[in-house]
Amino acid sequence: MAALQPTSLSKHPLSSGTPTIFGSKVQSGDFLPTQFRFWTSFRSNTGVKLKASAEPPALTWELKGDEQNGIMEMESGCDLFGKLKNGFLSFKSHKYMENLERYQALAKGQAPKFMVIACADSRVCPSTILGFEPGEAFMVRNVANMVPTYESGPSETNAALEFAVNSLEVENVFIIGHSCCGGIRALMSMQDKAESSSFIRSWVTVGKNAKLSTKAAASNLSFDQQCTHCEKESISNSLLNLLTYPWIEEKVKKGMLSLHGGYYDFVNCTFEKWTLDYKGSIMNGKTRVVVKDRLFWC
């Protein structure tokens, strides 16, 4: 328990010269050691309670059982940040200091070749899976790695796209999806006419065309298999949505920008990659993506 020095006694402005402690008089010349214990709760907003006793003078915290549990939880949190601290120090000594010239150059600016749009899922970090080093990929991550259409209005995803394509002048936009995606499962599960104030529902409707395509092409499959199909279909749908941005389509048409899709299956640890065939997709009326350069890594 943390201890503070006892507060000195002062005369009450209305007293006749005899100091008081919360209304109790102390005989002149005597000092009554008084200890105040504070009871607080980490889980409520109840007021602080004071208690006076004739124990050795100290201002102390007395914790109840649930409060002790709260401290244990806080200490556990400290352990988590201790792990992060060790990770940072390891990065600094083994990567930063050993590649100091590179990191000093990055401090002056960035010129990534890739813009990566990936899912926020904690299991699918693109830098870990594909080995991106700092400065190599400008990234944005959202639920189910979706790209809304240009007409949908501002979002963090198209703001990042605008900066990457127009300011950083990346040469590749890479949309990466993955297996067992909760966002796609939410999309496939929701009722078409259901009313909801859910942020997730509002967002995943970006992929409604992928859901419709999946229902048309894979209605005979199980729900899990339909979700897997939609995970890939949604990537292609987002590739088509990229072409609704005039400044993206212009650069794709001129050969200055390439659009790619990728799918990481973390159950079997495999990766598929494909590139949008712009001319083929245009001939298809931009209603169905045509791909080229499909690769499978396992």
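At 15% relative accessibility, D121 counts as buried, where buried means under 20% relative accessible area, exposed means over 50%, and partly exposed covers what falls in between, with a 1.4 Å probe and protein chains only. The side chain of D121 meets that of R123 in a salt bridge, with 2.7 Å from N to O, and R123 is partly exposed, with a relative accessible area of 45%. A salt bridge here is a side-chain nitrogen of Lys or Arg within 4 Å of a carboxyl oxygen of Asp or Glu. The model is a predicted one, in which local features need pLDDT of at least 70 and side-chain atom pairs count only at pLDDT 80 or more, while totals for chains, interfaces and linings use all residues. Residues are numbered from 1 along each chain as its sequence is written, and side-chain values use heavy atoms, with hydrogens and water left out.

D121 also appears in a record: for "binding site", an unreviewed UniProt entry lists C119, D121, H178 and C181. UniProt positions are given in the numbering used here, feature names are shortened, and such annotations may be inferred rather than shown by experiment. These four residues span 63 residues in sequence, yet no two of their C-alpha atoms are more than 9.1 Å apart, so they gather at one spot.

Two cysteines of this group can be followed further. C119 lies in strand β7, strands (E, at least two residues) and helices (H or I, at least four) being DSSP runs numbered from the N terminus. C119 counts as buried, at 6% relative accessibility, and, leaving aside its neighbours within four places in sequence, C119 is in contact (heavy atoms within 4.5 Å) with residues including V124, R141, I176, H178 and C181. C181, in turn, lies in the loop between β9 and α5 and is buried as well, at 4% relative accessibility. Neighbours within four places in sequence aside, the contacts of C181 are C119, A144 and E231.

What links do the cysteine sulfurs make? A disulfide is a covalent bond between the sulfur atoms of two cysteines. With a disulfide taken as a pair of cysteine sulfur atoms within 2.5 Å, the count comes to zero. C181 is in no disulfide, and the nearest cysteine sulfur, that of C119, is 4.3 Å away. Another cysteine, C230, counts as buried at 0% relative accessibility, and the sulfur of C230 is 7.2 Å from the closest cysteine sulfur, in C227, which is too far for a bond.

Beyond the loop that holds C181 comes helix α5, residues 182-189, in which G183, I184, L187 and M188 are buried. These four residues cover an arc of only 135° around the axis, which puts them on the same side of α5; the arc is that of the directions from the helix axis to the C-beta atoms. What covers the buried residues of α5 includes α6 (199-204), α7 (208-217) and α8 (223-242).

The interior can also be read through its nonpolar cores, each a set of buried Ala, Val, Leu, Ile, Met, Phe, Trp, Tyr and Cys residues joined through side-chain atoms within 4.5 Å. The largest nonpolar core has 29 residues, of which M115, L161, V173, L242, I248 and L259 touch the most other members. Among the elements that each supply at least two residues of this core are β7 (114-119), α4 (156-167), β9 (172-178), α8 and β10 (258-265). Apart from this core lies another, of 22 residues, among them A144, M190, A210 and F271. Not counting neighbours within four places in sequence, the contacts of L259 include V173, L242, I248 and T275.

A search of the whole structure finds seven salt bridges. In one of them the side chains of R288 and E233 meet at 2.6 Å, N to O. R288 lies in the loop between α10 (278-283) and β12 (291-297) and E233 in helix α8, so the pair ties together parts that are 55 residues apart in sequence. R288 is partly exposed, with a relative accessible area of 41%, whereas E233 is buried, at 12%. Another salt bridge joins E272 and R294, whose closest N and O atoms are 3.8 Å apart. This pair links distant parts of the chain, with E272 in strand β11 and R294 in strand β12, 22 residues apart. Salt bridges that share partners join K232, E272 and R294 into one network.

Finally, S281 lies in helix α10 and is buried, with a relative accessible area of 0%. Residues up to four places away in sequence not counted, S281 touches L276, K286, R288, V289 and V290.
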